[in-house]
Amino acid sequence: MTKLKQEPFTERLYKSVEPVWKHTHLHPFVQGIKDGSLPKERFAYYMKQDYVYLKDYAKLFAFGAIKAKDAETMTWFSSLLHETLNTEMDLHRAYCSDIGIQSEELEEEKATPINLAYTRYMLNASQHGTLAELISCLLPCMWSYHEIGSALKREAGSLEDHPYAQWIEMYASEEFGGLAQWLINKLNRLAEGMTEQELTVLEEHFLTTSRFEFMFWDMVYYGHEWPV
Ligand SMILES: Cc1ncc(CN)c(N)n1
């Protein structure tokens, strides 16, 4: 009897969040990056909040190294940690410095409620859950940004003199896509042989953090702060 080839688990994940990701692509903040119409102050606000986000997000990679069972996986997580703290966050530091935001102000920025809820959700699941749970939480961040960056690069036309060219180039880059792809492959391998109940837990995390991604764009667009 021929064995039916199963679709990779991440394809199931992708299908399950497609409507959420479509809304995210069409969000006015994302569209404003694409055509350059997003006001500079909004983008600066986003960069500051995103810097706070990335400091917590990077800790997930440290948990990944702790939960890893082999040296190769530990090495990958430690390089993801390094890339985030250096390459990705350098984009934020450089942009902020160019528009006159001092590094002290950047470091002192405090998380908004959505920012805090998003990172606490991932940190909690990562500390208490399996490596597969950790990856399911952090994957929408990397995967959806690469998708958005690539789509904007295709659709924006020439990036010469585009105010957000560096942002688009960073997330559309092959290097960034390669890191996301490594996580996708790793999750597919970890999911092999899992029960339906275990896969559903991963699906829940993936959906929740995809929704948080949308809410993050919404938060920086409308400026949702602490009410009092
Ligand atoms: C909120 C958020 N999500 C994802 C990414 C891409 N690492 C980011 N910088 N910020």
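The ligand in this predicted model is surrounded by Asp50, Tyr53, Leu54, Cys141, Met142, Tyr145, Glu213 and Phe216, a residue being near a molecule if its C-beta atom, placed from the backbone, lies within 6 Å of it. This shell divides into six nonpolar, no polar and two charged residues, where Ala, Val, Leu, Ile, Met, Phe, Trp, Tyr, Cys and Pro count as nonpolar, Asp, Glu, Lys and Arg as charged, and the others, Gly among them, as polar. At least two residues of the shell come from each of helix 3 (40-67), helix 7 (131-155) and helix 10; helices are DSSP runs of H or I with at least four residues, numbered from the N terminus.

Helix 10 (residues 196-222) also packs with helix 2 (residues 28-35), at an angle of about 75 degrees and with axes 8 Å apart, which means that helix 2 is roughly perpendicular to helix 10 (65 to 115 degrees). In this contact, Pro28, Phe29 and Val30 of helix 2 meet Trp217, Val220 and Tyr221 of helix 10, and the residues are six nonpolar, no polar and no charged.

Mean pLDDT, the predictor's confidence in each residue from 0 to 100, is 96 for the chain, with 98% of residues at 70 or more.

Residues are numbered from 1 along each chain as its sequence is written. Local features need pLDDT of at least 70 and side-chain atom pairs count only at pLDDT 80 or more, whereas totals for chains, interfaces and linings use all residues.

Key
Axes are lines fitted to C-alpha atoms, for helices over the stretch in contact, and angles run from 0 to 180 degrees between N-to-C directions. Angles under 35 degrees count as roughly parallel, over 145 as roughly antiparallel, 65 to 115 as roughly perpendicular and the rest as oblique. Two residues are in contact if their C-beta atoms, placed from the backbone, lie within 7 Å.
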